Each structure stands twice: as structure tokens, then as C-alpha cells.
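Hi there,

Here is the structure I promised to pass on to you. Please have it open while you read, as my notes follow it directly.

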Amino acid sequence: MNKDKLQSLVSENRSTSEGETESKNTPVLSGYSRREVLRAAAFSAVGFAVSGRALAAFGSDLEISGGGRFRPLQSAGVLAFGPDNILFVGDITGAAVHAFVLSDSDLTPQTGVELGNFHNFEGRDLVKGIDQKLAALFGTTYDQIVVNDMVVHQPSQQVFISVERGRGTDAIPAIVKVNHGKLEVLNLESIQHSQVAIPNEPDDKAMLEFEPQRTFAITDVKYYKGEVFVTGVSNQRFASTLYRIPYPFNKEMATSTVEIWHPVHGEFETRAPIIRHLVKEANGEAHLYAVYGCTPLVRFPLASLKDGAHVRGDVIGELGYGSNPLDMLTFTSPFDQKEYLLVTIDVRSASQIAVADLASAPTEPTGVPIDFGPGGLGRTQRNLPIKAEHIAVLNPKWAVVIQRHPKTSYRLDLSTIMIPYFFERKDGMSEMNWPGGPDPFQYRPHVHELDHM
């Protein structure tokens, strides 16, 4: 494939709007062999402006997994924003955390995008069929698209998602942003970039019972006051590991191993990793709050997480067995102005807990018989009807979710949902949806009102 032909394919597949479908790309794809299309998709999916020398190395025989060309990312996992427009990306395959310093040209303000009618519990679909549109963008089928995480750049309200084209070690990573309903690949090569290696990653052949250990090498990344907190599994005796890494990155790193008493299992656990975490301050003291699989809520004093320390976390709640956390965040209710912790969970309702209760919650007892709970703060959690694969706060009134459409489960949508009820009235059937039905929240006076905030 010559350079002009390749560049043509790249430009054709650079972005897709809400109105486009995979079929629109058919004339482009049908003009080339499947082998050429896959090579071009591998090139365009990572969104690089490749130099002439690298382009020559690209060559006609380079497969999708072909090495040799520059890639800031070897995989695209968990995402987090820090100050000054810094986007952190967890890279399991590369055993690293990356920091991309986004410029103004990398960000497009989305504050004018219609988000829905807040008073009426009516969100909006920002991108319908986002998995199909990502497949069209990357020249593949939707079952070869994996969306790993989503994050919002709060000042611009721009949504970023980490995507992989393909599965396994040959997957091609990309960061995609949403620009007024269009999907655009972030050109990572043009962005100021630094990275830090995450040590002691499990061998790629080391297995759990059902999947590789490396799947959990980097489970979450969060920024807090000049440090990046990274959780996951290491190859050490106490596998559950937490790293405190100063940013800007240097050679310093504090490594702690962590364990908890898991009430549902009735034992101390040192191998299962923290899945999601965040740092909050209360009464002048900062704690790292974490949720594990099967879903204990745990508190670690930040001061205890020192280099070389082995720390036992306090279990302050059991949110429910047999499930796994998807996202963990805080929001402030626009109605009572109180801050709440929100944990979304894969097989049941999300959990809401008052942030004010986290620091003072008593520790669940250890050494007791198996208790399937819920326990501690899990007894007072509020269940919310969120069934999203990914969720992030967009602004004080709206969150954004990636979710399966409830009436056509094959379709993955990017949509808004109002805070604090996280309820979309149009997705179900209730008495409120009938003309002349009950109006307990006084939404009918606002039926034609649009709330962009």
C-alpha cells in the first residue's frame, strides 16, 4: 500500500458523527483488500501523525500488531484527570502510567451541547450506538471494540474514553474524545507526554482461575495533591499493591501492600486487589477509600500508606456479595448540597452513601464467621437505578453514562442522566408517563424547557 492510499484511508476513518453509521464507510472499505483496511485501521486508530521515516518502516507487510512504530500507549485502560489539563492513562501491557498534558487545541468546549430537561428526568443521547460508531471509525466490527474507561474534563465538559480495537495482546489502543456528537481520535504523538513504570507486574503467563493475573495489574489511577495513586496486583507475596507516585514523575515511588478482612469470605485477604478508589479529606485527615470485588468498602488512612508498609484497611461497609464495582465517584446533590459517594456495580443497583459518614464509620469486626451482609454502611446505603458500564460527573446537574439501551440491549449509547436521582423516565413504563397521570415532581410545567447546565 503506498503512502497516498494509506493517508486516504486514515482521513476517511478519522471521525464519525452521530448521524453516520458503519454502512457509510462501506464504499471506502470495499475498494481495498481486508489486509489493507486492517493495516490502515491500525494506523488511524492510534491517531498518530507518523514521520516519513516511521511511515517507511510501516511498510506493506506490517500486521496490526506490528512493532516498530512509535506508540505512547501499548494499551489504554483506566483514565483520570489531574490539574493543568493532565490526562493520566493506565497502560497494563506497557506496565506504566502515562501523563498527557493536553493543550487548548486538544480540548473543545462542550458547554453548548443540549444535555436534557433536568426538571423532567429527561436526559439526552449524546452518541447513539457508540460501539457501532467506534467500529466504523476504526474499520472493524463492534465486537472488536472494547471501551475500558471514561472520564470528563470538567472545565470543558469534554468526554474522553479509552478504547481498544481488537482483543488480547494485539489490541490497538486509542483515546477518543466526543465533540458535539462526533467521535475524534486524540493524536497522542503530538501531545507533551511523560510516563512512569509500574514495577513487579505479573508475568503474562501467570493465571488466576479464570483469567490472566495481568488483567488486574493496574485497576485504578487517581490524582490527589501532587501524587498519583495506582492500585492493582503485583507478582510479590502480598499481591494486592498500592503505589504513591509524585507528579511530575521522577524516580521516587512509595509502594505499600494492603490487606483487608472480607466479611463475606470470613478471612483476611492479601491477593485480591482494590478495584476502585478515591481520596477524601475529613476533619483535616485524608483517607483513601476503596471498593474490592464482592464488594467491601474499605478505609485506609493516607498517612499509613508509606513505602514498604504492609497496611490492613478498615472495612466500613459490605455493599453486597457476588458483584463487582464498576465506578467510584463523589457528587454534590443540587437539592440538599450534601456530598455523596456513588459506587456503581455490575449486577445490581448502585450504592449511595453520605461522604460525611465515611470517616466516622466504625470498623466491621474481624475474625467473625462468614457474613453475607450487607454490613456497616452497607445497611444504610441508598440504592440507585444505575445500570451503566461507565459513569462520570459532567457538571453539578448532569452525569454522563455509557450504557446498554434498555429496550434494545445490543446498542451501546453515550447519554446524560440527571443528578442526584440518576433516573431516566423515558426508559421505563410508569404511571407518571400517562397523559393526566400523577405529577409528584411537578415536571409537566417544564415539559418544553431545556436545561443546558
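Below is what I found, region by region. Please keep in mind that this is a predicted model.

**The aromatic cluster**

Let me begin with the rings. There are 16 aromatic pairs in the count. One of them joins F121 and Y421, a tilted pair with 5.8 Å from centre to centre and 45 degrees between the planes. These two rings come from distant parts of the chain: F121 belongs to the loop between β5 (116–117) and β6 (122–123), while Y421 is in the segment after β30 (408–418), 300 residues apart. F121 has a relative accessibility of 4%, so this residue counts as buried. Y421, at 27%, counts as partly exposed.

F121 also pairs with F423, this time edge-to-face, with 5.6 Å between the centres and 65 degrees between the planes. Because F121 is in the loop between β5 and β6 and F423 is in the segment after β30, this pair ties together parts of the chain that are 302 residues apart in sequence. F423 is partly exposed, its relative accessible area being 29%.

Which residues do the ring pairs link into a cluster? The members are F118, F121, F335, W398, Y421, F423 and F441. One of these rings, F118, has a charge over it as well: the charged end of K397 sits there, 5.0 Å from the ring centre. A further case of a charge over a ring involves R312, whose charged end is 3.8 Å from the centre of the F268 ring.

**An open sheet**

Next, have a look at the five strands that make up an open sheet, in the order β18-β19-β20-β22-β26, with antiparallel pairing. Its edge strands, each pairing on one side only, are β18 (274–282) and β26 (375–376). Between β18 and β19 (residues 285–292), the antiparallel pairing runs over eight bridges. If you want to find your way into it, start at I274, whose bridge partner in β19 is Y292.

The loop between β25 (350–354) and β26 holds V355. With a relative accessibility of 12%, V355 counts as buried. Setting aside neighbours within four places in sequence, V355 is in contact with K280, T330, E339, Y340 and L341. V355 and K338 are separated by 17 residues in sequence, and their C-alpha atoms are 8.2 Å apart in space.

**Helix α5**

Is α5 enclosed or open to the outside? Seven of the eight residues of this helix (residues 130–137) are buried, so α5 is largely enclosed by the rest of the structure. The buried ones are I130, D131, K133, L134, A135, A136 and L137; a lysine and an aspartate are thus on that list. After the helix comes G139, which has a positive phi, near 65 degrees.

**H153**

Finally, a histidine that you may like to inspect. H153 lies in strand β8 (residues 145–153), and this residue is buried, with a relative accessible area of 5%. The side chains of H153 and S156 make a polar contact at 2.7 Å. Leaving out residues up to four places away in sequence, H153 touches F81, N85, L107, Q158 and F160.

Happy browsing, and best wishes!

Conventions:
Residues numbered from 1 in each chain as written. Predicted model: local features only at pLDDT ≥ 70, side-chain atom pairs only at ≥ 80, totals over all residues. Heavy atoms only, no water. Buried < 20%, exposed > 50% of the residue type's maximum accessible area, 1.4 Å probe, protein only. Helix = DSSP H or I, 4+ residues; strand = E, 2+ residues; numbered from the N terminus. Pairing = 2+ DSSP bridges. Phe/Tyr/Trp six-rings, centres within 6.5 Å; stacked < 30°, edge-to-face > 60°. Lys NZ or Arg CZ within 6 Å of the ring centre and 35° of its normal. Contact = heavy atoms within 4.5 Å. Polar contact = N/O pair within 3.5 Å; in protein donor to acceptor, adjacent residues only side chain to side chain.
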